[in-house]
Amino acid sequence: MGTSEAVLQVLSSGPCILSFDPCASNLDLKFVSKFHIKCVKKRASRRKQIFNCSSFQQNYTEIHRFKRTGDYGFFVNTSVDRLQLLRWKCHQAENVSGLTAEDGNKTWFVDNARPLNLNGVENSPNVLECGNVQHSKQENGNLTSNGAVKQENENLPTNGALGIGRDTPHKVTVDSIEDEAWDLLLNSMVYYCGSPVGTIAASDPTSSSVLNYDQVFIRDFIPSGIAFLLKGEYDTVRNFILHTLQLQSWEKTMDCHSPGQGLMPASFKVRTVPLDGDDSATEEVLDPDFGEAAIGRVAPVDSGLWWIILLRAYGKCSGDLSVQERIDVQTGIKMILRLCLADGFDMFPTLLVTDGSCMIDRRMGIHGHPLEIQALFYSALLCAREMLAPEDGSADLIRALNNRLVALSFHIREYYWIDLRRLNEIYRYKTEEYSYDAVNKFNIYPDQISPWLVEWMPNQGGYLIGNLQPAHMDFRFFSLGNLWSVISGLATIDQSHAILDLIEAKWTDLIADMPLKICYPALEGQEWQIITGSDPKNTPWSYHNGGSWPTLLWQLTVACIKMNRPEVAAKAVEVAERRISMDKWPEYYDTKSARFIGKQAHLFQTWSIAGYLVAKLLLSDPSAAKMLITEEDPELVNAFSFMISTNPRRNRGRKNSKQTYIV
């Protein structure tokens, strides 16, 4: 074997691609191997071209050699000295020729012509595998089904982790964009004790300010985790779920104050620290951030909610329910629920949170009861009820959960919904109504209706407002909250269609040149100064203040699939494909029409990459979206109908003992 081919083999092994948790079950290993080896081959061929002393010593923990077994061509890994790669020198490349594959026909790569099966749906290889694309350089490496080598052109993708970017724009195909995205996603993988545990937030070689973008964020990993599930990478998601669960009980303090039990971290980082008493030996530890180091020092409310949603998706997609049935996982679910369902001073069933506790993690005037948190809260309650093991100790928790689901759905559907008819009602509100039968229950002043809303509201369509508090309605359209209300069933069927109708009607405002506006409209002028504190990062039509975030594509896709309108999402994906790869996968876009890359946006943002991939995979196989969708429960529908039919302006008094649901 020639030197270049031998080097290719060693580089192909990558950072523990098939390293599994010893405690994990080997789920669908055939699928994992096919996907990994196909993508690893492509990545290795690119790394071979930049092979030198300075770039070769990556932070890989071990090398694997593969051998082929069985009729399906699935691979098992044989461990090699984990320090071998770090000891490697450029002048030793000639010695690599001794490393050969041990299978019968001396090949590392399986036949990719066989259709793959995901969730009972057969997919052609060009849908769920890293596709072959065109590039300007000839290279060997693709094998036909009988093992013969053939020449193939490939388009070298941008590799953010290795600092390779495009110098000049060029025409790319859809297949090459997907191939590049998978390559970047795999290169963003983070390993802990040899096993993958997540993906870093961004791998931007052009940024001198790393901040915490080199950490694994729970909310950022969700689209990555969904992408891995759709590819059969179950162990990666399983590791993430179990390791973040361990961090839930981590000691966390801020100025000698500790938050409630059950809080999940916003992010974590794998650190190498010396062992106690032995400076020559080191160990890897997980270092979580619960908000005590974050900008603004705000604890994340959404992390635990996203964790529950991902846990259910893992069980639905993999068929492995043993994880959610584990005692420690059941305990983790209950801790999150008790933290969210704890009694407080609030009269509303919505969660009371502060600014910066969710995707919008800076001061943007969303303190109170922001829609995003309520939609995730509702979804997490439904997912948790589905996964909680029936036992005597859970009876009170499940009863409280059911009561909250009914009250929350009624509150959001009744008071957060706005369309042209509802807007006209608010326009004619009477104020200062002190009584139990008041129409304007929250004392909303009609003068709060902004001129932009009067002109912007379409005749057909509507949406859920961003926030509701006494004497205040935040009429801004927040994309994540509305989309997840559709996905979770928090919005009714009619409301869900109306939300998608509004997105189509206001396409130039919400989608424009790059999907998708995080909120609309932006805060400007004195309003921006007062509400954001003159935040220089949240200037009008930038970042959280009306910026466009490509990662929202996957949530738009799930919502459209649920409502049987996938063409809306497909149109948005086509818009993104025109630029997102050439722009090097930015975190967000600026300006009202999203024409500019964000002024402080990180490039090669992982959840922008993963969001695009999930959207593409789900459009190819819409049935796979079932793992994220929650349908409306018949019991909740009946309870909701009961509340509507009952006089909501009933007098105070002792609760009727026969009433099933408490509001």
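1. Aromatics first, since you asked about rings. The count comes to 20 aromatic pairs in this model, which is a predicted one. Ring pairs tie Trp452, Trp456, Tyr463, Phe477, Tyr520 and Trp541 together as a cluster, and that is a handy set of residues to pull up on screen.

2. Two lysines are worth a look alongside those rings. Lys537 has its charged end over the ring of Tyr543, at 4.4 Å from the centre. Lys571 is placed over the face of Trp507, and here the distance to the ring centre is 4.5 Å.

3. Now the chain as a whole. The protein chain has 663 residues, and 58% of them count as buried. Its secondary structure comes to 22 helices and 19 strands. If you take contacts between residues at least 6 apart in sequence, 70% of them join residues at least 24 apart. The accessible surface is about 28,400 Å², with 50% belonging to carbon and sulfur atoms.

4. On to the strands, starting with β7, which covers residues 189-192. Which way do its side chains go? Met189 and Tyr191 point one way, while Val190 and Tyr192 point the other way. Buried or exposed? All four residues are buried, on both sides of the strand.

5. The partner of β7 is β8, residues 195-199, and the two pair in the antiparallel sense over four bridges. One of the contacts to check is Tyr191, whose bridge partner in β8 is Pro196. The two strands make a hairpin with two residues between them, and Cys193 in the turn has a positive phi of about 55 degrees.

6. There is a second hairpin further along, made by β10 and β11, again with two residues between the strands. In that turn, Gly277 has a positive phi of about 85 degrees. β10 spans residues 267-275 and β11 spans 278-289; they run antiparallel, joined by nine bridges. Going through the register, Leu275 has Asp278 as its bridge partner in β11, and Pro274 has Thr282.

7. Last point: where does that hairpin sit in its sheet? β10 and β11 belong to an open sheet of three strands, in the order β9-β10-β11, with antiparallel pairing. β9 (216-217) and β11 are the edge strands, and each has a single partner strand, so one side of each is left without a neighbour in the sheet.

Note on methods
Residues numbered from 1 in each chain as written. Predicted model: local features only at pLDDT ≥ 70, side-chain atom pairs only at ≥ 80, totals over all residues. Heavy atoms only, no water. Buried < 20%, exposed > 50% of the residue type's maximum accessible area, 1.4 Å probe, protein only. Pairing = 2+ DSSP bridges. Phe/Tyr/Trp six-rings, centres within 6.5 Å; stacked < 30°, edge-to-face > 60°. Lys NZ or Arg CZ within 6 Å of the ring centre and 35° of its normal. Contact = heavy atoms within 4.5 Å. Areas by Shrake-Rupley, 256 points an atom, 1.4 Å probe, with all protein chains shown as cover.
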